[in-house]
Amino acid sequence: MKIKSDYVNEPQWKELTIKSRLPEQLKCLDELAHNMWWGWNYEARNMFKSLDEKLYEAVGHNPVLLLERLSYERKEAIVKDIILMKKIKDVYNKFKAYMDVEPDKSRPSVAYFCMEYGLNQVLKIYSGGLGMLAGDYLKEASDSNVDLCAVGFLYRYGYFTQSLSMDGQQIAKYDAQNFNSLPIERVLDAQGTPVVVDVPYMNYQVHAFVWQVNVGRIKLYLLDTDNDMNSEFDRPITHSLYGGDWENRLKQEILLGIGGILTLKKLGITKDIYHCNEGHAALCNLQRLCDYVDGGLTFNQAMELVRASSLYTVHTPVPAGHDYFDESLFGKYMGGYPSRLGISWDEFIGMGRQNPDDHSERFCMSTFACNTSQGINGVSRLHGWVSQQMFAPLWKGYFPEENSVGYVTNGVHFPSWTATEWRKLYDIHFDETFMSDQSNESLWHAIYDVDDAEIWDTRMALKKKLIDYIREKFTQTWLRNQGDPARVVSLLERINPNALMIGFCRRFATYKRAHLLFTDLDRLSKIVNDPEHPVLFFFSGKAHPADGAGQGLIKKIYEISQRPEFLGKIIFLEDYDMQLARRLVSGVDIWMNTPTRPLEASGTSGEKAEMNGVVNLSVLDGWWVEGYRKGAGWALPEKRTYQNQGYQDQLDAATIYGLLENEIIPLYYNKGNRGYSEGWIKVIKNSIATIAPHYTMKRQLDDYYKKFYNAQAERFHRLAADGNRLAKEIAQWKETVAERWDAISVVSKDTELLDTGGETGKTYKMRYVIDEQGLVDAVGLEVVSLNPELVSDGHQVYSVRPFEMVAHEGNNYTFEVTVEPDHAGAFRSCVRMYPKNENLPHRQDFCYVKWLS
């Protein structure tokens, strides 16, 4: 027998963590490192940096990794450093004083669900604007001391790291996160055992580890399926953001919604309001329905309680942007739920269709969220109207402007996005109540009293900080990827910190029109190459790996930036993340945004710029429709001139060139003898004083309480009181009305005005007698008049005049209304009958409508 030359079995590698031991005097640092509070407190970040500045940079500003890698000798030296130990003690005392404040129990409690959270660049569980907003929301919830917890995913690979090839092609690289080196910790039960949540999928379960991120006073629970308890088909559920095929996307949304509620149940957490930030988490309402039905309620009774306590925030302005699933795929995973709820499969899947009986229509998570949530909102005033139109087919008896979809305009977390230099300036010059009263515009007016030179010096310091950051971070990357060292050196030398700097940094989707600036390259070349008035453009952002058109835009911009006339004048900064974003929104002079109207739901990067004295140049879309003030920035018109998008792009490009040539550049360089432009400082001050106060995350959070949380929580508790008595009564009333609706009829009517028309200045009485089929004053009537020419913004409804119930005899109810036409013209009018109950939150909650002839 021949002896084999080798014989080796496969090693069974085990993950283990060897923790770095901290001296007793430094144990507080571990507590600080594992709370994201440091991410928005510059004193804490500076303290960690002072432990070992070089190592702090090497670990990417990750304090957990910093403490792991600190040498024993350095730890001993820190303990002996009296000044540094005092700094540590001061920061820790500030942190403990912050943490010791009890949550405000007078405000409704909230459970918040989102697919991504942008808390800090060291925790890669975000990709773009949705995550930035969610992360800011948790931070402000902590600062405002509200009772809130959140649920999301701990992604093994997160979103991709971007680099560019020598020809400008985007290269996406997915780097695995080492969970043990992140500011997170496993959630343990009362016995100290790690919590595992078992989530049902078809005829088996997926087992999710539960991790906790301490976001100040707020707990964020992250689910993780990448563990040995799961099969190779289910471990990747939490591998990457928005990755995989549609089946994996459905598995993710099951985990977030259903698994998220099961997680809170296992932890013994209940809240007043359940807030879905986008439709990805819509199935949390399904699990809540199941829980109520399992507790003895009927489906309709359960729906009353779930709807009353649910809020759905939509961030997408077009139907194509929502998640849709084929019935066969959806049924594969969700087929067992109708029997649990006591309804049919068609009734169940119909809740995710605009037309429930259309079997060719796919199941839409956003539609399901609308049908199971009392509150629905867009993320800016304009987007609220866009969303009313988008969801109007769900409530066919009402016109878009009549439905209950509202809006809360997005904001940004002031401490996270305001540069330290500006924070210190505000601390000196603003009232001491400023941080707790950020939405009070009068407090921001103190900026007018700040010396112009101090504003200019702050801006110049941040511009220099940006240039230094670019030279430090990108030199090696450019040398590695761009091949020609001489070209890279030339590029770096040409970056002029005294130039007017303009930033265009965001996700590279085609509707954001990154190409607009390059419509006329000759004109652009003259703008950037004026030796007396230099202009520098920074571009940055990622395109989704499946978005070929977005990647093509990046390649085109990169190619143009490499042309001799644009080298060092147009610069693409790769791998846009939170750290780079903070440098850009505080370091450039102008923040430019050029979306196709009205496809920018809100946008928040321009709001971040506002906090740092960076002024906006943007299309009037998203938040800027509300934010723009004359003399505090520049705007392209809201209304389109051309339906042809190519023509509109040319016009908008010409408008941008004209603003730069005739207004912006001359104003910036009108420096006189002082060395700075007084006119430019005036724009900065106007921007800070009149725009910034209205776009903080504190204002946004307060708006959610005022517009949604308070009213919904109050109603939910009324429905749930006395063993859900009112919820049961409303469900019974709806069932009765639904049974008799078709039989409700007109006994008699007097509608001369509708039949023959009328004249202004005259009074007309309309009268209906309705047989309510044994219902007790259960319907209302109103005459609806349409005239789009007399209303604006695409609305149709000119007036709605309610009838008054004036008498009833048996089943017959008499309704009358007096109408005095106040405007001549051609109107379309009809009488609308609807169910009426003072306990309904709005008409779309029970959307039965009958138009009377």
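**Close-up views: ring pairs, a charged patch and a loop residue**

**View 1. Tyr98 is a buried residue.** Its relative accessible area is 14%, under the 20% that marks burial. The model shown is predicted. Applying the ring-pair rule gives a count of 49 aromatic pairs. One of them joins Trp37 and Tyr98: the ring centres are 6.3 Å apart and the planes meet at 45 degrees, so this pair is tilted. The tilted class covers plane angles that are neither under 30 degrees nor over 60. The two partners come from distant parts of the chain, 61 residues apart. Trp37 sits in the loop between helix H1 (27-33) and helix H2 (42-51), while Tyr98 belongs to helix H6 (residues 82-99). Trp37 is buried too, at a relative accessible area of 2%.

**View 2. Tyr768 and Phe803 form an edge-to-face pair.** Their ring centres lie 5.9 Å apart. The planes stand at 80 degrees, so the geometry is edge-to-face; the cut-off for that class is over 60 degrees. Tyr768 is in strand E22 (residues 764-771). Phe803 is in the loop between strand E24 (797-802) and strand E25 (804-809). The pair therefore ties together parts 35 residues apart in sequence. How accessible is Tyr768? Its relative accessibility is 0%, so Tyr768 counts as buried. Phe803 is buried as well, with a relative accessible area of 10%.

**View 3. Ring pairs build an aromatic cluster.** The members are Tyr112, Tyr117, Tyr137, Tyr704, Tyr705, Phe708 and Tyr709. Ring pairs link these residues to one another.

**View 4. A patch of negative charge lies on the surface.** Asp346, Glu347, Asp357 and Asp358 gather here. Asp346 is part of helix H13, which spans residues 345-350. Is Asp346 buried, partly exposed or exposed? Its relative accessibility is 39%, so Asp346 counts as partly exposed. That value fits a patch member, because patches take residues with over 30% relative accessible area.

**View 5. Asn440 occupies a loop.** That loop runs between helix H17 (420-429) and helix H18 (441-444). Asn440 is partly exposed, with a relative accessible area of 26%. The partly exposed class lies between the 20% and 50% limits. How far apart are the C-alpha atoms of Asn440 and Gln643? They are separated by 41 Å. Along the chain, Asn440 and Gln643 are 203 residues apart.

Key: Residues numbered from 1 in each chain as written. Predicted model: local features only at pLDDT ≥ 70, side-chain atom pairs only at ≥ 80, totals over all residues. Heavy atoms only, no water. Patch = residues over 30% accessible without salt bridge, like charges linked within 9 Å, V, L, I, M, F, W, Y side chains within 5 Å. Areas by Shrake-Rupley, 256 points an atom, 1.4 Å probe, with all protein chains shown as cover. Salt bridge = Lys/Arg side-chain N within 4 Å of Asp/Glu carboxyl O. Lys, Arg positive; Asp, Glu negative; His and termini not counted. Charge placed at Lys NZ, Arg CZ, Asp CG, Glu CD. Helix = DSSP H or I, 4+ residues; strand = E, 2+ residues; numbered from the N terminus. Buried < 20%, exposed > 50% of the residue type's maximum accessible area, 1.4 Å probe, protein only. Phe/Tyr/Trp six-rings, centres within 6.5 Å; stacked < 30°, edge-to-face > 60°.
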